[in-house]
Amino acid sequence: MIRFVLSFAALLCALAGNAQAQPTAEFQKILDTYSKALDANDVETLVELYSPNGVFMREDMPAVVGRDALRDSYKNVFATLKVGLSFKVQEAEQSGDLGWARSVSTGKVRVLPSGAETTESYNQLIVFRKEGGAWKIRSYLYASNKAVPGQVPK
């Protein structure tokens, strides 16, 4: 009987581990596509990763809502920046047709007018919604994870 209980407990743990790994892998795949599209300045691929009412937010600009606004925003980004970032999902969960991921991105960003290039690192919180059987970005929020010069971490 004890062997049965331990085997059943091990099975439940394995299933729980697989449930967690599944959204992480699916969301990582989306972020890998996002990374490649950023590197290629591929606005249309980026926009298609979002739901029709998707939202893109960062600390220094108003929220961008909807595919037309997303398209304009990414075109503006690529007019001034060359972005080469890789993304790594740190944790992810899903419940039904909603999921979220916390990720970190690192890489190079070059300011096109000046040619200045910096190494950057960002934290992301991304909400996903399954639409038509495919995961789409519903809300994407990111911020630098570098301390501002002179700022004391709290």
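Q: What does Arg102 form a salt bridge with?
A: With Glu91. In this predicted model, the closest N and O atoms of that pair are 2.8 Å apart.

Q: Which parts does that pair tie together?
A: Arg102 is in strand E4 (residues 98-111) and Glu91 is in strand E3, so the salt bridge links parts 11 residues apart in sequence.

Q: Are those two buried or exposed?
A: Neither word fits. Arg102 is partly exposed, at 35% relative accessibility, and Glu91 is also partly exposed, with a relative accessible area of 32%.

Q: How do E3 and E4 pair?
A: In the antiparallel sense, over 14 bridges. One pair to look at is Leu85, whose bridge partner in E4 is Gly107.

Q: How many residues sit between E3 and E4?
A: There are 2, and the two strands form a hairpin. Gly96, in the turn, has a positive phi of about 65°.

Q: And E4 with E5, how many bridges there?
A: E4 is joined to strand E5 (residues 117-131) by 13 bridges, and the two run antiparallel. Trp100, for instance, stands opposite Val127 in E5.

Q: What's in the turn of that hairpin?
A: Gly115 is in the turn, with a positive phi of about 80°. E4 and E5 have 5 residues between them.

Q: Where do side chains point in a strand, generally?
A: In a regular strand they alternate between the two faces of the sheet.

Q: Back to salt bridges. How many does the structure hold?
A: It holds 6. Another of them is between Lys82 and Asp39, with the closest N and O atoms 3.9 Å apart.

Q: Where are Lys82 and Asp39?
A: Lys82 is in strand E3 (residues 81-95) and Asp39 is in helix H1 (residues 2-39), so this pair ties together parts 43 residues apart in sequence. Lys82 is partly exposed, at a relative accessible area of 25%. Asp39 counts as partly exposed too, at 44%.

Q: What does Arg110 pair with?
A: Arg110 forms a salt bridge with Glu117, and their closest N and O atoms are 3.9 Å apart. Arg110 is partly exposed, with a relative accessible area of 32%, and Glu117 is partly exposed at 47% relative accessibility.

Q: Which residues are joined into a network?
A: Glu44, Asp68 and Arg71 are joined into one network by salt bridges that share partners.

Q: Asp68 is in H3, I think. Which residues of H3 are buried?
A: Leu70, Arg71, Ser73, Tyr74, Val77 and Phe78 are the buried ones. Looking down the axis of H3, they fall within an arc of 165°, so they line one face of the helix.

Q: What is exposed on the other side of H3?
A: Asp68, Asn76 and Ala79 are exposed there. So of the network residues just named, Asp68 is on the exposed list and Arg71 is on the buried one.

Q: How far apart are the ends of H3?
A: The end C-alpha atoms are 20 Å apart. At 1.5 Å a residue, the 14 residues of H3 (residues 67-80) should span 20 Å, which agrees.

Q: New topic: Ser51. Where does it lie?
A: Ser51 lies in strand E1 (residues 50-58).

Q: Buried or exposed? I mean Ser51.
A: Ser51 counts as buried, because its relative accessibility is 0%.

Q: What is Ser51 in contact with?
A: Leaving aside neighbours within four places in sequence, Ser51 is in contact with Arg67, Glu131, Lys136, Ile137 and Arg138.

Q: And Thr33, which helix is that in?
A: Thr33 is in helix H1. It is partly exposed, with a relative accessible area of 33%.

Q: What does Thr33 touch?
A: Not counting residues up to four places away in sequence, Thr33 touches Thr45 and Leu49. From Thr33 to Leu46 the C-alpha distance is 8.2 Å, and the two are 13 residues apart in sequence.

Q: Zooming out, how many helices and strands are in the chain?
A: The chain has 3 helices and 6 strands. From the N terminus on, the elements run α-α-β-β-α-β-β-β-β.

Q: How much of the chain is buried?
A: Buried residues make up 32% of its 154 residues. The chain exposes about 9,200 Å², and carbon and sulfur atoms supply 59% of that.

How values were computed
Residues are numbered from 1 along each chain as its sequence is written. This is a predicted model: local features need pLDDT of at least 70, side-chain atom pairs count only at pLDDT 80 or more; totals for chains, interfaces and linings use all residues. Side-chain values use heavy atoms; hydrogens and water are left out. Helices (H or I, at least four residues) and strands (E, at least two) are DSSP runs, numbered from the N terminus. The expected span of a helix is 1.5 Å times one less than its number of residues. Buried means under 20% relative accessible area, exposed over 50%, partly exposed in between (1.4 Å probe, protein chains only). The arc is that of the directions from the helix axis to the C-beta atoms. Accessible areas come from the Shrake-Rupley method with a 1.4 Å probe; for residues, only the protein chains shown count as cover. Contact means heavy atoms within 4.5 Å. A salt bridge is a side-chain nitrogen of Lys or Arg within 4 Å of a carboxyl oxygen of Asp or Glu. Two strands pair if DSSP finds at least two bridges between them.
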